[in-house]
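This report looks at how two protein chains meet and at how strands are arranged within one of them. Please keep the picture at hand while reading.

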Number of protein chains: 2
Amino acid sequence: MGALRLPSLTSIFAVSSGRSSLFLRRSNQLHVRKLTTTTKLFAQTTPATEVAPPESNQKPLAQEQGITPRSQDFNAWYLDVISQAELADYGPVRGTMVIRPYGYAIWEAIQDYLNIKFKETGHSNMYFPQFIPYSFIEKEASHVEGFSPELALVTVGGGKELEEKLVVRPTSETIVNHMFTQWIHSYRDLPLMINQWANVTRWEMRTKPFIRTLEFLWQEGHTAHATLEEAEKEAMQMIDVYTKFSYEEAAIPVIPGRKSRVETFAGADRTYTIEAMMGDCKALQAGTSHNLGQNFSRAFGTQFADENGQRQHVWQTSWAISTRFIGGIIMTHGDDAGLMLPPRLASVQVVIVPIWKKGNEKKEVLDAAVSIKDVLHTAGIKVKLDDSDQRTPGWKFNFWEMKGVPLRIEIGPRDVSSGSVVVSRRDIPGKPGKVFGISMEPSVLIPYVKEKLEEIQLSLLDKAKSFRDSNIVDVKSYDELKEAISQGKWARGPWVGSDEDELKVKEETGATIRCFPFEQPQGPNKCLMTGNPADEVAIFAKSY
Amino acid sequence: MGALRLPSLTSIFAVSSGRSSLFLRRSNQLHVRKLTTTTKLFAQTTPATEVAPPESNQKPLAQEQGITPRSQDFNAWYLDVISQAELADYGPVRGTMVIRPYGYAIWEAIQDYLNIKFKETGHSNMYFPQFIPYSFIEKEASHVEGFSPELALVTVGGGKELEEKLVVRPTSETIVNHMFTQWIHSYRDLPLMINQWANVTRWEMRTKPFIRTLEFLWQEGHTAHATLEEAEKEAMQMIDVYTKFSYEEAAIPVIPGRKSRVETFAGADRTYTIEAMMGDCKALQAGTSHNLGQNFSRAFGTQFADENGQRQHVWQTSWAISTRFIGGIIMTHGDDAGLMLPPRLASVQVVIVPIWKKGNEKKEVLDAAVSIKDVLHTAGIKVKLDDSDQRTPGWKFNFWEMKGVPLRIEIGPRDVSSGSVVVSRRDIPGKPGKVFGISMEPSVLIPYVKEKLEEIQLSLLDKAKSFRDSNIVDVKSYDELKEAISQGKWARGPWVGSDEDELKVKEETGATIRCFPFEQPQGPNKCLMTGNPADEVAIFAKSY
């Protein structure tokens with residue numbers, strides 16, 4: 001429920017929308033002709049594997065293809081990467097998004113990991129209808145206040161005006177509680193722990209692909225428990241699942257913590273969050289887990305008979321991660337050359353680019369490339385062979401770098417003779433990331449590739465951690481906070497301010513409390529705003 | 001696009017809706033007290049493993065729980081099974097359905113299988129927005145005619161009346177084509193082959209859980225090709241994938257074939273279908289694959305430059321299987337005792353029911369049961385141990401039979417001593433399906449269980465095949481057709497009748513042409529209606 005709306009995004013979005021993929025595709029086609037330098041390089045007698053990577057010889061392809069440098073305009077860069085790497089496109093309805101196969105594959109990788117974790121922690125998948133009677137939304141007071149400005153309403157069905165308008169689900173707490181009342185009777189029915197993968201609709205005015213769209217995909221977990229303690233434990237468990245996922249799979253060093261009252265979910269007692277620092281230092285709320293207390297169970301009458309036969313309201317949680325997370329991956333790891341995917345979430349972990357000069361070399365090079373592909377595929381590595389005739393090797397190098405593929409294997413005629421290949425890392429540009437003469441022997445190549453993928457995975461996390469830590473400033477006063485925020489950094493400082501104090505910070509600096517991190521410094525402190533004794537530090541930042 | 005609406009379903013649905021799961025749950029609770037016979041049996045000194053199955057001693061639990069006998073009222077039986085086996089519940093909005101974990105697990109098994117097949121055949125998953133501008137639907141003439149009576153419209157978003165009303169997707173051909181125009185430029189971009197797993201909305205007036213609901217889940221494949229031949233090959237390939245799935249996974253002997261013009265999808269040149277015979281002999285259209293020709297590409301201007309640089313409209317297909325298929329599984333295999341799941345789609349393939357009489361037996365029985373569970377689980381078998389204290393073994397036997405679990409393993413103190421278990425098949429009721437003294441040794445038990453599961457899988461298919469074949473009548477005249485349909489059977493006969501002839505049959509008998517099956521008899525024939533020479537036989541039946 002991002003309360004902060006960035007005022008400038010609408011116009012940016014509109015501009016970028018004009019630069020359609022048709023336009024970009026044309027510029028790709030033009031580019032093929034421009035790439036004469038690279039083409040020539042590969043037509044020379046220089047051994048293919050010793051040819052310097054195109055990026056060191058010429059202007060990176062990415063920019064020629066229309067990717068704005070990240071440092072120049074972070075937002076334009078972000079939109080360019082999404083378009084060029086074919087992650088998503090704009091849908092015909094304002095603010096909607098088509099998730100293309102290469103972007104959807106990231107979502108599938110996220111689903112594969114989380115689905116296992118959810119089931120391991122005792123949750124079952126199911127599916128609730130997306131149409132919710134309008135009256136349901138009104139039952140929980142703060143819920144209706146938070147969501148009513150964002151609703152899409154179905155008013156006509158089968159050619160007729162409906163008696164009660166229907167809400168297209170913005171989230172499912174209300175309909176979940178309606179059903180829970182039918183399934184929960186005694187303490188033996190608890191805990192009830194379910195999850196659904198679904199689309200949700202929120203009528204956002206300022207949209208941005210993946211980050212904030214009218215419709216998005218997510219999972220929403222919903223649980224009911226007999227005690228507050230169990231619900232609290234569950235809410236904490238799920239934010240922990242998200243945190244581990246972020247670190248281990250997405251290589252994003254999120255900061256888990258508790259939301260302030262102002263930023264708590266509409267209908268929750270407590271909201272836990274994972275906050276990620278994007279490449280422009282803005283914060284992204286990347287996942288949330290709510291302790292809903294008895295707010296919904298009281299509104300809907302979701303009760304159970306306890307062991308003494310007493311009727312009690314259940315204690316509930318809900319928690320979600322959405323396709324927004326894909327935006328977080330792009331903005332955490334990407335660079336001027338385009339996307340950079342963490343190996344564990346990449347649908348293509350290794351791309352093989354075969355290189356041949358004369359016609360008679362083609363067969364032996366391709367045969368070797370196919371055999372390497374099969375070897376890696378059998379070893380469980382996600383590998384793609386780009387054997388198209390349409391593009392030069394140089395073009396392919398840049399294209400797959402732009403698509404963020406973690407490792408590239410190059411193989412030319414001389415490599416075939418020597419039984420070795422060249423391996424290039426996406427995360428280390430140019431020669432330093434390139435290793436020659438890796439044996440094609442499966443017993444050598446497979447462990448080498450696996451080790452490199454692990455190295456890249458860890459290296460991306462380390463790099464993001466360093467970046468994050470170097471951009472968090474510990475502040476002791478409001479002046480220091482303002483200074484840090486004006487420099488585009490995150491400010492961390494002791495806080496016991498009121499809701500009004502928090503809103504004042506937001507108004508004056510554009511920053512909000514992202515969270516009270518779980519990891520807290522030792523010792524007594526004074527609130528940076530009020531000077532009162534403060535038990536906790538809060539992190540303030542501008543956010544998406 | 002089921003053209004046939006069964007007039008009586010609304011009232012039935014309304015009645016069953018009144019019998020809520022709350023009511024049924026209460027009847028379960030009452031039942032525990034009724035089960036004294038079984039309780040006593042297990043309190044006697046008779047060795048537990050020699051106790052006759054409850055079904056042979058008393059009225060089956062299923063009926064006491066409120067499952068109407070199948071033979072008495074097929075529709076009531078169907079709704080009872082869905083409710084009792086906890087497959088689904090009614091949503092708060094008329095005609096919507098909540099798919100509960102046990103039902104959703106079947107859908108997940110369907111997804112797991114098909115997702116692999118779709119990817120093996122070159123398709124990528126992606127996601128299109130569900131909101132479609134109303135003007136899109138109007139672009140393809142027969143499409144708007146087919147779908148406009150069934151649309152749900154969003155007219156209000158973010159508190160404001162929308163300028164253009166939005167259709168909640170009933171299917172995605174229109175928005176797919178809108179996007180394809182941006183992605184397809186030359187023959188090199190073809191074929192373009194994608195799939196999405198999504199929810200769709202059709203404002204049906206007469207609904208029935210799984211079979212026809214306002215919102216349902218499905219996959220929809222969409223492809224674009226350079227030639228008619230390629231599109232035709234794709235449409236046939238996908239109906240073949242569905243056919244194999246039905247036979248091999250769902251044990252449903254569908255009849256694949258071509259739809260008549262009258263029954264062809266709104267916007268397609270040809271529709272292929274798989275038709276399944278339900279337990280009441282009604283036909284269920286269980287999956288379709290459409291050759292769309294150039295209908296949508298002409299309406300949306302989806303063109304490509306061919307190898308000669310000429311602009312051509314692409315040739316397209318679309319194909320879908322939905323949660324309706326779950327209804328097909330229930331109505332193909334279920335019996336008076338409840339659901340019967342084919343082992344390959346069952347989320348629980350084996351249930352272990354431990355049996356103990358005295359307190360000191362409990363530990364050794366449970367230890368053995370846990371160890372058997374671990375052994376089977378490690379062998380990749382989906383196994384559940386029902387170790388609850390709340391229910392008697394007899395209750396559990398009936399409960400898991402009602403839930404359609406293919407195999408049950410019973411283990412009591414005497415079994416522990418002898419190192420063996422009792423194995424009961426769901427598909428063979430009573431003693432004949434029960435085998436005593438199967439060794440607990442993993443080297444014996446694992447292959448035994450796997451073999452039995454395979455046997456059940458094949459046996460369900462064989463049984464459904466025999467049932468199907470004994471209920472298809474070859475007819476030579478309209479009188480014979482009417483006779484067959486009035487007996488509730490399928491009629492198969494030579495047909496070159498007109499659309500009007502077909503509609504006349506529907507009006508007079510309630511039957512429609514389900515398909516012209518791919519498998520055709522040899523030799524010349526005369527149309528059963530017109531007497532003209534007929535190349536093909538058609539299958540007529542009443543349908544869901």
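Two strands are said to pair if DSSP finds at least two bridges between them. In this predicted model, strand 11 (residues 283–293) of chain A and strand 14 (residues 315–322) of chain A meet that condition, since they pair in the antiparallel sense over five bridges. One of these positions can be named: Gly293(A) has Gln316(A), in strand 14 of chain A, as its bridge partner. Strands 11 and 14 also appear in an open sheet of 11 strands in chain A, where the order is 3-7-8-14-11-10-9-22-25-21-20 and the pairing is mixed. At the edges of that sheet lie strand 3 (124–125) and strand 20 (472–474) of chain A, each of which pairs on one side only.

Pairing of strands also links the two chains. Strand 5 of chain A and strand 5 (residues 152–157) of chain B pair in the antiparallel sense over five bridges, and within this pairing Val156(A) stands opposite Leu153(B).

How is chain A related to chain B? A turn of 180 degrees, with a shift of 0.0 Å along the axis, lays chain A on chain B with an RMSD of 0.0 Å. That is the relation of a two-fold axis. The same surface serves both copies, as 100% of the contact residues of chain A recur in chain B. Among the residues of chain A, Val154(A) comes closest to the rotation axis, its C-alpha being at 2.1 Å.

The size of an interface is often given as the accessible area lost when the parts come together. Here chain A and chain B bury about 4800 Å² between them, and 62% of this is on carbon and sulfur atoms. In chain A, the residues that lose the most area to chain B are Pro92(A), Tyr127(A) and Phe131(A), which together make up 13% of what that side buries.

The table sets out counts for the contact between the chains.

| Item | Count |
|---|---|
| Contact residues from chain A | 56 residues |
| Contact residues from chain B | 56 residues |
| Salt bridges between chain A and chain B | two salt bridges |
| Polar contacts between chain A and chain B | 25 residue pairs |

The largest share of the side of chain A that touches chain B, six residues, comes from strand 5 (residues 152–157) of chain A. Sorted by class, this side of chain A has 31 nonpolar, 16 polar and nine charged residues. One salt bridge joins Lys119(B) to Glu108(A), with the closest N and O atoms 3.2 Å apart.

Definitions and conventions
Residues numbered from 1 in each chain as written. Chains lettered and ligands numbered in written order. Predicted model: local features only at pLDDT ≥ 70, side-chain atom pairs only at ≥ 80, totals over all residues. Heavy atoms only, no water. Least-squares fit on C-alpha atoms with pLDDT ≥ 70 in both. Contact = heavy atoms within 4.5 Å. Buried area = accessible area lost by both parts, 1.4 Å probe. Salt bridge = Lys/Arg side-chain N within 4 Å of Asp/Glu carboxyl O. Polar contact = N/O pair within 3.5 Å; in protein donor to acceptor, adjacent residues only side chain to side chain. Helix = DSSP H or I, 4+ residues; strand = E, 2+ residues; numbered from the N terminus. Nonpolar A, V, L, I, M, F, W, Y, C, P; charged D, E, K, R; others polar.
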